[in-house]
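Please read this report with the sequence and the model side by side. Each section takes up one topic and can be checked against the picture.

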Amino acid sequence: MNTFINTIFEEVKSDNKVRIGGLGVFSLLYQKSRPVRNPQTMEPIVLAPRNSVKFRPADDLVRKLNGEEK
């Protein structure tokens, strides 16, 4: 399992999409810097740009979860 997860990590890190049939697609998401507010102090701050992972579930998976078997 660790090898599987590390392979997904390395591919997404290299900006490649990882498709797993029947499950979905992992891809890299670039988030620009943006102004936000600290909810405790209400002080405005700027979040630094960062990378994140986006996951889009496969249509078949969503249908099965909603009881709409093909």
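## Salt bridges

The side chains of Arg63 and Asp60 meet in a salt bridge, with 2.7 Å from N to O. The structure shown here is a predicted model. Both residues belong to helix α2, which covers residues 59-65, and because they are 3 residues apart there, about one helical turn separates them. Arg63 has a relative accessibility of 28%, so this residue counts as partly exposed. Asp60 is also partly exposed, since its relative accessible area is 32%; the range for this class runs from 20% to 50%.

How many salt bridges does a search of the whole structure find? The search finds 2. Besides the bridge of Arg63 and Asp60, there is one between the side chains of Arg56 and Asp59, at 4.0 Å from N to O. Is Arg56 buried or exposed? Arg56 has a relative accessible area of 51% and is therefore exposed, as the class begins over 50%. Its partner Asp59 reaches 44% relative accessibility and counts as partly exposed.

## Helix α1 and the loop after it

Helix α1 holds 12 residues, from 2 to 13. At 1.5 Å a residue the helix should span 16 Å, and its end C-alpha atoms are 16 Å apart, so the expected and the computed values agree. The expected value is 1.5 Å times one less than the number of residues, because the span is counted in steps from one residue to the next.

Ser14 lies in the loop between α1 and β1. Its relative accessibility is 48%, so Ser14 counts as partly exposed. Along the sequence Ser14 is 13 residues from Ser27, while in space their C-alpha atoms are 9.8 Å apart.

Asp15 is found in that loop too, between α1 and β1, where β1 covers residues 18-20. What is the sign of phi in Asp15? The angle is positive, near 65°, in a residue other than glycine. This positive phi comes just after α1. Asp15 has a relative accessible area of 44% and is therefore partly exposed.

## A nonpolar patch

Which residues form a nonpolar patch on the surface? They are Met1, Phe4 and Ile5, and together they have about 360 Å² of accessible area. Met1 is placed in the segment before α1. With a relative accessibility of 74%, Met1 counts as exposed, because the class takes values over 50%.

## Strand pairs and hairpins

Strands β1 and β2 pair in the antiparallel sense, over 3 bridges. Arg19 has Val25 in β2 as its bridge partner. The two strands make a hairpin with 3 residues between them, and Gly22 in the turn has a positive phi of about 80°.

β2 also pairs with β5, again in the antiparallel sense, and this pairing runs over 8 bridges. Here Ser27 has Lys54 in β5 as its bridge partner. Ser27 is thus a place to return to on the model, as its C-alpha atom is the one that lies 9.8 Å from that of Ser14.

In a further antiparallel pair, 4 bridges join β3 to β4. Arg34 stands opposite Leu47 in β4. The hairpin of β3 and β4 has 6 residues between the strands. Where does Met42 lie? Met42 lies in the loop between β3, residues 34-37, and β4, residues 44-47. The phi of Met42 is near 60°, a positive value in a residue other than glycine.

In a regular strand the side chains alternate between the two faces of the sheet.

## An aromatic pair

A pair of aromatic rings is described by the distance of the centres and the angle of the planes. In this model the count comes to 1 aromatic pair. The rings of Phe26 and Phe55 have their centres 4.8 Å apart and their planes at 45°, so the pair is tilted. The reason is that planes under 30 degrees apart would count as stacked and those over 60 as edge-to-face.

The pair links distant parts of the chain, for Phe26 is in strand β2, residues 24-31, and Phe55 is in strand β5, residues 50-57, which puts them 29 residues apart. Phe55 has a relative accessible area of 36%, so the residue is partly exposed.

Notes. Residues are numbered from 1 along each chain as its sequence is written. This is a predicted model: local features need pLDDT of at least 70, side-chain atom pairs count only at pLDDT 80 or more; totals for chains, interfaces and linings use all residues. Side-chain values use heavy atoms; hydrogens and water are left out. Buried means under 20% relative accessible area, exposed over 50%, partly exposed in between (1.4 Å probe, protein chains only). Patches are made of residues with over 30% relative accessible area and no salt bridge: like charges are joined within 9 Å, nonpolar side chains (Val, Leu, Ile, Met, Phe, Trp, Tyr) within 5 Å. Accessible areas come from the Shrake-Rupley method with a 1.4 Å probe; for residues, only the protein chains shown count as cover. Two strands pair if DSSP finds at least two bridges between them. Rings of Phe, Tyr and Trp (its six-membered ring) pair if their centres lie within 6.5 Å; planes under 30 degrees apart count as stacked, over 60 as edge-to-face and the rest as tilted.
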